[in-house]
Structure formats: structure tokens, C-alpha cells
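Biologist: Please take a close look at a single part of this chain, the interface between its two domains, and describe how the two sides meet.

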Amino acid sequence: MNISKSEELFSRAQQSLPGGVNSPVRAFKSVGGNPIFLQKAKGAYLYDVDGNQYIDYINSWGPMIMGHAFEPVVEAIQKKAMDSTSFGAPTELEIETAELIKSMVPNVDLIRMVSSGTEACMSALRLARGYTGRNKFIKFEGCYHGHADSFLVKAGSGVATFNIQTVPGVTAGVSADTLTAPYNDLEAVKKLVAENKDEIAAIIIEPVAGNMGCILPQEGFLEGLRKLCDLEGIVFIFDEVMTGFRLAQGGAQERLKIDADLVTYGKVIGAGMPVGAFGGKFEIMKHIAPLGNVYQAGTLSGNPLAMIAGYTLLSHLKSNPFIYAELEQKGEYLKNGLQKVLEESGQPFVINHMGSMISVHFSDKPVVDFATAASANNTFFNKYFHGMLDRGIYLPPSAYESWFLSHALSKEDLDRTIEATKKNVTSGQF
Ligand SMILES: *Cc1c(COP(=O)(O)O)cnc(C)c1O
């Protein structure tokens, strides 16, 4: 495959962008090699600057659930842009978007729009602290909640990918209030809560983890956390930046039938525009400024282009609920196909999967938390990644990321992916 233009652009990029990129995982640093520079995308396919085509399993890390350049969204943005790209003043579209979201997801009385998942999680944590008057919170090893200081402790995604133990610039004072427990370990959480009686403001979790590969909550885990939060007056925050509008219309809350007190959104909610949101029960949300004193603001929050993109995509998802059933079938089909060819290869592997989130860990034991994800053969994953890329399949460039399926993927695309995996593992040609 000729990638000479990408190579050229990467050299040039490094002269003016740190590491040649605007977000670390894009750099391919952990899988080796240099990043591919993209030109355009349509449906399930990406096209790079050298004219190569790839089947996309990143989908902008989740937002492009209907595939790229989804026409209703593109047209809506174009039309809206003619009326100005930003006001910094209220618009009816913001109400319509909030009403639409409330009609789709459980347990949201009020919602505040922001511009990224990071902002959503950062603000939800501040709100939980302001509401409870407590400082500490619990997060899980390998979960990623954006790059705000408090969350960069045992974080997943790029932090795990680059094996960064402590992030320079995050003060010890801030990190001291971040308590961590292994994912799926309810007893560890109970112990932390007992040791920090009446000091825990919130427990924040990815209800289905996607930032250490895809990891599912075990039976009773989230239910146990819910009970514990009720008992101890702790705010239970679902970080649904990945799972929101992806696992179901109502996200993980609906799919797993568990209520959160606060929920954060990002990715799908903005259809590829910079959008995040946090929302929840009136009782808690009423503390956000200007209703309350927990301050949170944004010049571009509720931006009209961002809102129309999200509104258009979410209304499409709402009025076509079969999309979720079809995504489920695509995920199942891919899982079964990969399972078959990987079994034949003799290489130990684990496939974790829910709906349109899926990941392959080259491990001989179940992958249920960060430790088991980290003990998989990730050197092998890196070779697999490059073998797939050479065959036109664009996977996330790290074993610590979930793959995201789009509705645009056809059976042929899935078959090509399974076939490429087969060639990849049987040729030994990594
Ligand atoms: C991507 C992600 C974030 C951060 O969102 P950004 O828009 O990248 O700031 C937060 N939480 C989870 C679960 C995510 O996957």
C-alpha cells in the first residue's frame, strides 16, 4: 500500500503540532509506524490522502453511528450555517434538543450542553461535589473520563496506551481526592467507602467500559454500586460518553436497566460536532448556575451547528429504532465470524462485545478489568492492527480502545474484516 503522502504530511505536521497530532492516540505511537492522514469519508469507508480506502471501525471514536457524511446531518449543518455559526445567546433549537434528549434517555430532568466529553465529566464531578459538600470520589482503573486533572489517575485510553503512571502537571493535592478501584470489584469499592465514611461525593463509571478495550460489567456489579450510593448518599454518575445513544436510545441506563443520578454524554450526541452534555435529576441539577451556585459556563455551549447536527442524528435514531436491532446483529455477526477464524488459528483470544461495541484481546483468560486487559498479548495486537490496516481495515490503534460499529457497515464489509483477520492470523505475516 502506498502511503507516501501520509508519510510526507506526518513529517511536516511534527514541525508545528506536538507529535504531529492534536490528540495522542492518533499518533500510532504505541502500535508503531506513522499515522495515516485522511482526506474524506463516506458511509463505512475512509479515504486517505494517498487514495487508499479503509473500512472504518473507529468512527471518530463513536460519533458516526450512521456512518460518515450522513446526508441528513450534513444538509442540516449546511442550512443552519447560513443563519450564523454562533450567537452566545439562547435559541429555540437548544430547547428542542434538550426535549428530544429527555424523551430518549431515562432520569434526565435537566441537561446542560457543553462542547466535549471532558467538559461534561469535569462539570458533573464539580456538581456532585457541590451538591454533597464532599471532596473525594471513586473512579475505576482503566476507565477514561476525559483529560480533566481529577480523572488522570489510573486512566484508560491514551493514558493506558502510553503507560503513563502519573501525569506531570496534575498536582498530588488534586490526585489525593481521586480514589480508584478495579472494574467489576464491588468489595474493593465497599472497602473504600467504609474507609472514607461521609467523604465520597461521587462514584463515576463507564457502565460498559470502552477505554481499556471493551469490558462488560459483571452481573450484580452496577446494581451493587447503585445500592451502595443510595445507602451512603453518594452521587452515582454514569459516564455515557461512549455508550449514550449507542447501546440503546437510552444508552446503558436503558440497556442495563440501572438508574444513574447524573449522566454524561458526548460522541454520538454531537454527530461528529464538538458536543458534550451532562444531566440528571432536578434535585441535583438545580445547583448548576444560574439556578444555583455551582459555576459552569461555555462561550460555544449549545452552538447552533453542533445542536442541529446532534438534533438531526438523534431524531433519526429515535424514529428508526430498528437501527439498534440491526447494529446488534452486525456486532453479533462480526463477533461470531472473528471467533471462528481466531479459534482456527490457535491463538488465545477473548472477544468482549455488547451491541455495536466490540474488542479483541489476545489473552487466555477472561478480560474483566484493567489488570486482565493489560496482561493480554498487546504486542501481538499491535501486529494484528498493522496487518489489518495493510488489508484496508482501520481498527483503533491500541488494544485499550473499543471498536465502534456503524450502521453503514454491510455484510460484505464484515465478511471482508473476518477474511482479513483470517489471512492475518494464518499467514503468520504480521
Ligand atoms: C471519549 C470519552 C470521554 C472524553 O470525551 P472528549 O470529547 O474526548 O473530551 C469521556 N468519557 C468517556 C467514556 C469517553 O469515551
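Modeller: Across the interface of domain 1 and domain 2, 13 residue pairs are in polar contact, both residues being at pLDDT 80 or more; a polar contact is a pair of N or O atoms within 3.5 Å, where within protein one must be able to donate a hydrogen and the other to accept it, and residues adjacent in sequence count only if both atoms are side-chain atoms. This is a predicted model, in which local features need pLDDT of at least 70 and side-chain atom pairs count only at pLDDT 80 or more, while totals for chains, interfaces and linings use all residues. Residues are numbered from 1 along each chain as its sequence is written, and side-chain values use heavy atoms, with hydrogens and water left out.

On the side of domain 1 that touches domain 2, the elements giving two or more residues are α12 (322-345), β11 (350-354), β12 (357-361) and α13 (370-374), helices (H or I, at least four residues) and strands (E, at least two) being DSSP runs numbered from the N terminus. Of these, β12 gives the most, with four residues.

Two salt bridges are counted between the domains, a salt bridge being a side-chain nitrogen of Lys or Arg within 4 Å of a carboxyl oxygen of Asp or Glu.

As for area, domain 1 and domain 2 bury about 3200 Å² between them, 65% of it on carbon and sulfur atoms, where buried area is the accessible area (1.4 Å probe) that two parts lose on being put together, summed over both. In domain 1, Tyr324, Met354 and Met357 lose the most area to domain 2, together 23% of what that side buries.
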